[in-house]
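Here are my notes on this one, jotted down as numbered points. Have the model open while you read.

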Amino acid sequence: MKTEERHKIRIAMIDDHPLFRAGVKQILSMEENFEVVAEGEDGSEAVDLMRQYQPDIILMDMQMPKVNGIEATETLLQSFPNAKVLILSIYEEETYVSSVLRAGAVGYLLKEMKATKLIEAIKMTAAGGMYIHPKVAPYVLKEYRDLWQKQQAQQAATAYQVVEYCRPLHLLTVRECEILQLLVDGENNKGMAESLYISEKTVKNHISRILRKLKVKDRTQAVVEAMKRGYVLVRDD
């Protein structure tokens with residue numbers, strides 16, 4: 001019994017709506033490997049809850065009466081650098097998503113998501129990954145692209161380039177390289193299929209193989225990894 005408990009994911013919830021907390025707690029209680037160990041009503045409680053209960057994941061709202069999710073995440077990570085904050089919010093605006101991820105959160109979820117996806121997000125982030133709701137994922141890619149382009153401009157100005165663009169033909173096929181480039185360009189499955197004169201099903205199969213070869217879990221991670229390694233061209237819009 002003790003061995004099983006040791007493997008449970010300990011969760012703390014911080015949200016100023018008791019009814020919402022109760023609903024989420026009910027959902028999480030159905031997962032045998034989850035344990036809700038603490039609850040709070042405001043971001044100002046994050047540090048104390050972390051110190052007292054040492055949760056693996058803090059599931060936190062964005063807007064709260066005194067201290068919001070962004071400020072709470074920044075403050076918490078100053079005292080506990082390894083803490084994992086997963087934001088669960090109603091806000092889809094880019095400024096919220098970018099700010100909270102810069103603050104150090106490991107994910108951004110929307111309260112409209114299905115219970116199964118919430119459970120998946122908690123498991124993924126507890127295991128060391130990140131989880132971004134598909135609706136707001138484009139904001140993350142845009143920010144990364146903007147940062148990448150800024151770095152490239154700075155490197156060009158100093159005649160120094162850290163990562164040189166080179167197709168990863170040692171790892172991917174020519175077609176997979178084309179698909180990866182189109183992913184970075186922001187194309188959806190239909191657009192890629194039309195550009196390459198193949199079916200959407202074939203596109204999906206290629207993407208699955210790309211994710212496996214790059215050892216990533218989703219398209220967002222694939223794009224970030226490809227840009228980081230210099231596998232694709234980052235074009236000016």
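1. Start with what the largest pocket is made of: its lining splits into 20 nonpolar, 7 polar and 13 charged residues. Keep in mind that this is a predicted model. The space in this pocket comes to about 1,100 Å³.

2. If you want to find the middle of the largest pocket, look for Ala-137, Leu-141, Asp-218, Thr-220 and Gln-221, which are the closest to its centre among the 40 residues lining it. I'd colour those five before anything else.

3. Which element gives the most to the lining of the largest pocket? That's H7, with 10 residues. Helix H7 covers 137-157. Several other elements put in at least two residues each: helix H5 (94-103), helix H6 (115-126), strand S6 (131-132), H8 and helix H11 (219-229).

4. Now for enclosed space. The count is 1 cavity of 30 Å³ or more, and about 60 Å³ of space lies in the largest cavity. Its lining is made up of Met-13, Ile-14, Asp-15, Phe-20, Arg-21, Val-24, Leu-59, Met-60, Asp-61 and Leu-88.

5. By residue class, the lining of the largest cavity has 7 nonpolar and 3 charged residues, with no polar ones. Helix H2 (18-29) supplies at least two of the lining residues, as do strand S1 (9-14) and strand S3 (57-60). H2 has the largest share, at 3 residues.

6. Back to H8, which also helps line the largest pocket. How do H8 and H9 cross? The axes of helix H8 (residues 174-184) and helix H9 (residues 189-196) come within 10 Å, with a crossing angle of roughly 135°. Angles over 145 degrees would count as roughly antiparallel, and 65 to 115 as roughly perpendicular, so H8 and H9 are oblique to each other. Their crossing is right-handed.

7. As for who touches whom in that pair, H8 brings Arg-175, Glu-178, Ile-179, Leu-182 and Leu-183, while H9 brings Met-192, Ser-195 and Leu-196. Sorted by class, the residues of the H8 and H9 contact are 5 nonpolar, 1 polar and 2 charged.

8. For a quick tour, I'd go from Ala-137 and Leu-141 in the central part of the pocket list, to Phe-20 and Arg-21 in the cavity lining, and finish on the contact that includes Leu-182 of H8 and Met-192 of H9.

Notes:
Residues are numbered from 1 along each chain as its sequence is written. This is a predicted model: local features need pLDDT of at least 70, side-chain atom pairs count only at pLDDT 80 or more; totals for chains, interfaces and linings use all residues. Side-chain values use heavy atoms; hydrogens and water are left out. Axes are lines fitted to C-alpha atoms, for helices over the stretch in contact, and angles run from 0 to 180 degrees between N-to-C directions. Helices (H or I, at least four residues) and strands (E, at least two) are DSSP runs, numbered from the N terminus. Angles under 35 degrees count as roughly parallel, over 145 as roughly antiparallel, 65 to 115 as roughly perpendicular and the rest as oblique. A crossing is left-handed if the near helix is turned anticlockwise from the far one by less than a right angle, and right-handed if clockwise. Contact means heavy atoms within 4.5 Å. Ala, Val, Leu, Ile, Met, Phe, Trp, Tyr, Cys and Pro count as nonpolar, Asp, Glu, Lys and Arg as charged, and the others, Gly among them, as polar. On a 1 Å grid over the protein atoms alone, a cavity is a set of points where a 1.4 Å probe fits but cannot get out, and a pocket is an open set with protein on both sides within 12 Å along at least five of seven lines; lining residues have an atom within 4 Å of a point. Grid points are joined across faces, edges and corners, and a volume is the space filled by probe spheres set on the points.
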